[in-house]
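Reader: Could you show me the model and explain the terms used for its pocket and ligand?
Author: Gladly; here it is.

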Amino acid sequence: MQIHINGSTLELVQGDITQQDVDAIVNAANSSLLGGGGVDGAIHHAAGPELLAECRTLGGCETGNAKITRGYRLKARYVIHAVGPVYRDGKHGEPELLASAYRAALELAAQHQCASIAFPAISTGAYGYPMEEAARIAFRVIIDYLGEHPEIARVRYVLYDARALALHARVLEQVLAE
Ligand code: ADP
């Protein structure tokens with residue numbers, strides 16, 4: 001699925017975030033930035049040990065924020081390490097923190113002249129965020145941002161499996177109809 005916003009493209013694809021040929025890929029990082037499982041483990045594995053070495057110099061990252069490194073052995077020139085919230089019950093600032101993590105990642109991409117960026121579904125794995133709610137928040141932030149920042153030409157939202165892709169396509173249709 002692909003839509004156009006203010007001259008930019010938002011596309012949903014099924015795939016592996018580590019394999020994306022874009023200027024920056026986003027990591028679903030934890031606040032230590034020192035590695036984890038899921039997307040984080042896959043990105044560090046694919047990028048090589050130099051990525052962890054650079055992450056060690058960053059002093060971690062607060063939840064709701066993001067930091068940028070080089071991409072090393074990845075096709076992507078940069079990795080943007082975004083820290084989403086651990087989901088408790090949705091009443092502990094999780095929606096705002098998730099939105100803030102997406103926004104921070106987009107801002108870093110724009111500051112580093114990235115015309116294309118790929119996101120995973122931040123917080124929806126180990127961090128337990130219900131996927132439908134997380135998708136709605138992510139798409140609202142991305143659509144708003146692209147409306148104001150045509151310098152980002154392409155946002156690719158990468159889902160790991162067919163079920164997640166179908167759910168995200170449905171939520172994107174809903175958000176566009178609001
Ligand atoms: P978090 O700790 O922020 O919840 P996870 O890495 O555990 O992050 O999972 C985030 C989402 O990314 C989950 O929906 C998971 O299925 C998906 N995912 C896991 N590995 C990959 C990958 N290699 N590429 C894209 N998405 C992935």
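What follows is a short talk about the ligand and the space around it.

Author: This is a predicted model, where local features need pLDDT of at least 70, side-chain atom pairs count only at pLDDT 80 or more, and totals for chains, interfaces and linings use all residues. Residues are numbered from 1 along each chain as its sequence is written, and side-chain values use heavy atoms, with hydrogens and water left out.

Reader: What makes the ligand sit in the largest pocket?
Author: A molecule sits in a pocket if more than half of its atoms lie within 2 Å of the pocket's grid points. The ligand is placed in the largest pocket by that rule.

Reader: Which residues of the lining lie nearest the centre of the largest pocket?
Author: They are Ala-28, Gly-38, Val-39, Ala-121 and Gly-125, out of 28 lining residues. Lining residues have an atom within 4 Å of a point on a 1 Å grid over the protein atoms alone; a pocket is an open set of points where a 1.4 Å probe fits, with protein on both sides within 12 Å along at least five of seven lines.

Reader: Why is the pair between Asp-16 and the ligand called a polar contact?
Author: A polar contact is a pair of N or O atoms within 3.5 Å. A ligand nitrogen is 2.9 Å from an N or O atom in the Asp-16 side chain, so the pair qualifies. Backbone atoms take part too: a polar one of Ser-123 is 2.8 Å from a ligand oxygen, and an N or O atom of Tyr-127 lies 2.9 Å from a ligand oxygen.

How values were computed:
Polar contact = N/O pair within 3.5 Å; in protein donor to acceptor, adjacent residues only side chain to side chain.
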